[in-house]
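Colleague: Could you take me slowly through one part of this model, the place where the two chains meet, and explain each term as you use it?

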Protein chains: 2
Amino acid sequence: MSDDQARIPEATTRRLSLYLRVLADLERNGADTVSSRGIADLCRLNPAQVRKDLSRFGAFGVRGVGYDVAELRQIVAGLLGVDTDSRVVIVGAGNLGQALADYPGFHGGGFEVVALFDVREEIVGTMSRRGHPVHHIDELERIIRDADVRIGMVAVPAAKAAEVVERLVGGGVRGLVNFAPVRLDVPEGIAVRNVDLTVELESLSFFLRDRK
Amino acid sequence: MSDDQARIPEATTRRLSLYLRVLADLERNGADTVSSRGIADLCRLNPAQVRKDLSRFGAFGVRGVGYDVAELRQIVAGLLGVDTDSRVVIVGAGNLGQALADYPGFHGGGFEVVALFDVREEIVGTMSRRGHPVHHIDELERIIRDADVRIGMVAVPAAKAAEVVERLVGGGVRGLVNFAPVRLDVPEGIAVRNVDLTVELESLSFFLRDRK
DNA sequence: ATTTGTGAACGCATTCACAGCT
DNA sequence: AGCTGTGAATGCGTTCACAAAT
């Protein structure tokens, strides 16, 4: 019932992120309290789902009333570990890497992009539009250590992904977001999230196949 | 047991996409046959999972032997509807939209990016690095109709997403890949895949929270 | 009257285990 | 002997429904 390291399903942690987003919106709009139904409607979920997710971590609501928006927002931010910034590096400074570095959702959102890395000498030393520096991949391990980087985003071609992951993990990152179209092999204890555009498109295509 | 429109779980269709990728790799490497275990190892899945997924569509294997790589690759491509190209448009020609348009995974992969759209006059009329044109959003409906576009990718800020989706759907697309950090409201029959970078990072952050 | 927190019921996806085919 | 196809078993996440609290 409380926060043991993790008997928490990944699905719950992903919804927690949605809750945080709607709570921040509600707070910005001046809402004081919100019910599980209110949150559920905004996330297109079942209210019982919201209550069950939250109750895994404690009893934060008031029966008959609901949840205090500001308080719950802070609690959920704490659960997700976004109340303090985590440093992130991006390997691969092509179109995708640059787009990720400059993604507006990061600003003030608990993550700080420290640097991008690439092997192409013509872009090493340049900066992304918003000013994130592109370093040579040789500096990867040093910068991970110096800046205490926890998360690496992999935005290189599939053929390079395994090598990059080995260096990221060897360097000390604990979590990976992988955009390369391969299934990574990582040591026990390293968390991976795959963002696979091909899978999204092809699985979408399946459902569209026979429709006019 | 056969291909009724869809009592097929989304999880199965997503794995189908993985199978297609490893089958294409195997074929490229000259493999003639492959067992469910062979596929499963490459996808880091259980062999029974692979067999069960495939058996939803027919009996494609040979007992004691396995699956014919080239034949199964064609079958799976057909199931996913990527044996003929689907036209795609991308709304939002910022960093992300451009990166998506030029994503190498699309070439020869069953999808054709017809155009990008934006409201910013300074980029309307330009082209992405690989030559995809940026049109004004006013041309969206016309081009969807003329090119018979089936899929729209939403790469605009959260605040603009709802309006863009309404125009895409009104114009005639049947499927959406949404990169904006909002939960979309779409009519019955329109398929949506959300790619939410914030959710990926925050759910990752949860698992890293208490680790050194 | 309203809304939470939660045990129980349900539904669905994954895995097991084996009969059946080559 | 080897591997598929699949019914049965398992495991897990979601939803229901209600007692408890205000």
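Modeller: What follows is a close look at the interface between the two chains.

This is a predicted model, in which local features need pLDDT of at least 70 and side-chain atom pairs count only at pLDDT 80 or more, while totals for chains, interfaces and linings use all residues. Residues are numbered from 1 along each chain as its sequence is written, chains are lettered from A and ligands numbered from 1 in the order in which they are written, and side-chain values use heavy atoms, with hydrogens and water left out.

The mean pLDDT of chain A (the predictor's confidence in each residue, from 0 to 100) is 93, and 95% of its residues reach 70 or more. Over residues 1-5 of chain A, however, the pLDDT is below 50, and beyond near neighbours in sequence this stretch has 6 contacts (heavy atoms within 4.5 Å) in the model.

When the copies are superposed by least squares on the C-alpha atoms of residues with pLDDT of at least 70 in both, a rotation of 180° with 0.0 Å of shift along its axis brings chain A onto chain B, with an RMSD of 0.0 Å. The two copies are therefore related as by a two-fold rotation axis. The same surface serves both of them, since 100% of the contact residues of chain A recur in chain B.

At this interface, 65 residues of chain A are in contact with 65 residues of chain B. The buried area, meaning the accessible area (1.4 Å probe) that two parts lose on being put together, summed over both, is about 6300 Å², and carbon and sulfur atoms give 58% of it.

Between the chains there are 26 residue pairs in polar contact, both residues being at pLDDT 80 or more; such a contact is a pair of N or O atoms within 3.5 Å, where within protein one must be able to donate a hydrogen and the other to accept it, and residues adjacent in sequence count only if both atoms are side-chain atoms. Helix α8 of chain A (helices being DSSP runs of H or I, at least four residues, numbered from the N terminus) gives the most to the side of chain A that touches chain B, with 12 residues.

The rule also finds 5 salt bridges across the interface, each a side-chain nitrogen of Lys or Arg within 4 Å of a carboxyl oxygen of Asp or Glu. In one salt bridge, E200(B) meets R14(A) at 2.5 Å, N to O, and this pair crosses from helix α8 (residues 197-208) of chain B to helix α1 of chain A.

Conventions: Helix = DSSP H or I, 4+ residues; strand = E, 2+ residues; numbered from the N terminus.
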